[in-house]
Amino acid sequence: MTPNPYLWLVPILPLAGATINGFFGRRSSKKAITTVALFFCGAAFVMALFLAARFSSASAPYYYDLAHWIRSGNFSVDFEFYLDQLSLVMLLVVTGVGFLIHIYSVGYMWDDDGYYRFMSYLNLFMFFMLTLVLAKNYLVMFIGWEGVGLASYLLIGYWFTKDSAAAAGKKAFIVNRIGDFGFLIALFLMIKHFGSLDFTRVFAAVRPLSPETAGVGLLTAIGLLLMVGAAGKSAQIPLYVWLPDAMEGPTPVSALIHAATMVTVGVYMVARSSMIFERAPMAMMVVAIIGTLTALFAATIGIAQTDIKKVLAYSTISQLGYMFMACGVGAFSAGIFHLMTHAFFKGLLFLAAGSVIHGVGGEQDMRKMGGLRKYMPWTFGTMGIATLAIAGIPPFAGFWSKDEILWKAFGASPVYWLIGVITAFITSFYMFRLMYMTFGGEYRGGPAAHDVKHESADAHAMRDKHDHHEHGHGEPHESPWVMLGPLVILAALSVVGGFVGYGNHFEHFLAPVFQGATEVAQETSSEAGKGTEYLLMGISISVAGLGWLLAYLLYSRRPQLPARIATSLGGLYQAVVHKYYVDELYSVLFVKPLIDGSTTILWHGIDQGGIDAAVNDSAVAARYASDTVRHMQSGNLRSYAGWIAAGGAIVIAYMVWMGVA
């Protein structure tokens, strides 16, 4: 490994932007807020490009020891950053796509009263995300892991005066804690058996171990627990339920967190732990099964959704399932390849959806859109490119990465491949359905189309904003260029981004990271020849074309047919519309019993038996203590965020000082 003195600057720069806007943004002009947010995020992207220019596939990993941290007997953890081929790919994706989304947010959120708060949260998210992907050990990764959970809570519930947005933020936070519990136990097992959380040391201890082919051993247990954590952050069965509700956040949040960055960290963590998973075949099989089932399950729900962002939400869950399928069959490089291309086209899809919502005054129901092609030609063109990419139409980016996954999956098991192909057909169908419902035919919207009672937080905020502008709920209009510029750049990446995988160049670049895992994937697919590979490629292209054709026939040529088909399907259609009633089932099985049980325990056990018996006699002391600290509990979210930012800045400053000293 080679020390690099610049590595620590990449995550620190967005933290500086978050701190400045968090403390001073309320009293600053929007131009100053914008300058700070874009400068520090852009500087992180420039620094990432600088590091990438000096790095090659043959380079030794870079590292930077920011501070000596934990020392306990023989166990030690340092606050270190680490850059190898895998983290370099993530670094460029996070900073590049993140910077474009920051630019887009300027246009989308400009008229919002909490603009400074939103931009501060975006920078804070970037800091934690970059800390996660640059971590040199699992504990620093876990800090970033929890940090992006906090930032996502703040961003999803950004419009906290809207009950649905506040509830969605809490739901995301709580469901992710379930997955994080599994992640933590995996870390405890590593400490106990390997005496370290450093990637290099843990993988060195794992490398000599034989694959656990008989029963559940240590590595299998660690792998399964890591997958529990990954399922929470990356919205896989059964912990996927938070992501569709998270669409209550502003659309730039949906693009940044739930398409390009945060939801992919589970895939990144599994890929980073490939040394463990390849020696735990049962854990890998679980990863593949969960990913495959999630891909199909979420895709079927996407068919019947009418909210444009909900369609994209279930599409994200489905595409993440593809990535886990790849990791589960040992094709880690294919999973990361799809992670990268997905960041391009799914980020573009969400931003284009935001442009549509902006252009029609906050409406998100596709049934009240239509005919927008003539009003929003740039949005239509860029979103069309993203749709071709996610559908797997060559030569767009999604074709290359999805085809690579299906090819590797076929080598492991034809069952994975078949389910993947069926999912590809459904994906193509519901994405072109979205395009025809949104841009085809005649415009079906207008003032009467808005249902204020049930509108989303995005629509609520956009309606308030447009009430003060000339467009109002009148004729749809194209978005400003501060929003269209990022769309055009992402569209270009969605066209050419897949070519980096041509000739297996991307796989070769990542080979030093995956080593044995890459060999496993090659062995599983080497049994089939080139002829079979081309045949499977032709099948995947054909099913994508069939999905497009079916959407065209149902939503362009015969738009009256979908309603008839839905009526004929009866209960099955209603089950899909209501997302198979999973949320209702979770509410009955877990939420209500826990709430009711907790209330009973708190009242009878703690309040009556403990507090009434012990605390009441100490009322004077309690009153004195509460009066001392009550000023810290203002109930003001901005105040709490300020204390968190201040504490984070102090901790980082101390670490930097310790590192220099």
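Strands E2 and E3 form a hairpin with two residues between them, and Gly 73, which lies in the turn, has a positive phi of about 65°. The model is predicted, and the hairpin described here is part of a wider strand arrangement. E2 covers residues 62-72 and runs antiparallel to E3, to which nine bridges join it. Within this pairing, Ser 72 of the hairpin has Phe 75 in E3 as its bridge partner, while Tyr 64 has Phe 81 in E3 as its bridge partner.

E2 also pairs with strand E1, which comprises residues 2-3; here two bridges join the strands, and they run parallel. In this pairing Thr 2 stands opposite Tyr 62 in E2. The two pairings are set out below.

| Strand pair | Bridges | Direction |
|---|---|---|
| E2 and E3 | nine bridges | antiparallel |
| E1 and E2 | two bridges | parallel |

Taken together, the three strands form an open sheet in the order E1-E2-E3, with mixed pairing. Because E1 and E3 stand at the edges and each has a single partner strand, one side of each is left without a neighbour in the sheet. Is E3, as an edge strand, mostly covered or mostly exposed? Strand E3, residues 75-83, is mostly covered, with eight of its nine residues buried. In a regular strand, side chains alternate between the two faces of the sheet.

A helix pair completes the description. Helix H3, residues 85-109, and helix H20, residues 481-496, have axes that come within 7 Å of each other and cross at roughly 155°. Since angles over 145 degrees count as roughly antiparallel, this crossing makes H3 roughly antiparallel to H20. The crossing in which H3 passes H20 is left-handed. On the H3 side the contact is made by Val 97, Leu 100, Ile 103, Tyr 104, Val 106, Gly 107 and Tyr 108, and on the H20 side by Val 482, Met 483, Pro 486, Leu 487, Ile 489 and Leu 490. By class, the residues of this contact between H3 and H20 divide into twelve nonpolar and one polar, with no charged residue among them; Gly counts as polar in this division.

Note on methods. Residues numbered from 1 in each chain as written. Predicted model: local features only at pLDDT ≥ 70, side-chain atom pairs only at ≥ 80, totals over all residues. Heavy atoms only, no water. Buried < 20%, exposed > 50% of the residue type's maximum accessible area, 1.4 Å probe, protein only. Helix = DSSP H or I, 4+ residues; strand = E, 2+ residues; numbered from the N terminus. Pairing = 2+ DSSP bridges. Axes fitted to C-alpha atoms, helices over the stretch in contact; angles between N-to-C directions. Parallel < 35°, antiparallel > 145°, perpendicular 65-115°, else oblique. Left-handed = near helix turned anticlockwise from the far one by under 90°. Contact = heavy atoms within 4.5 Å.
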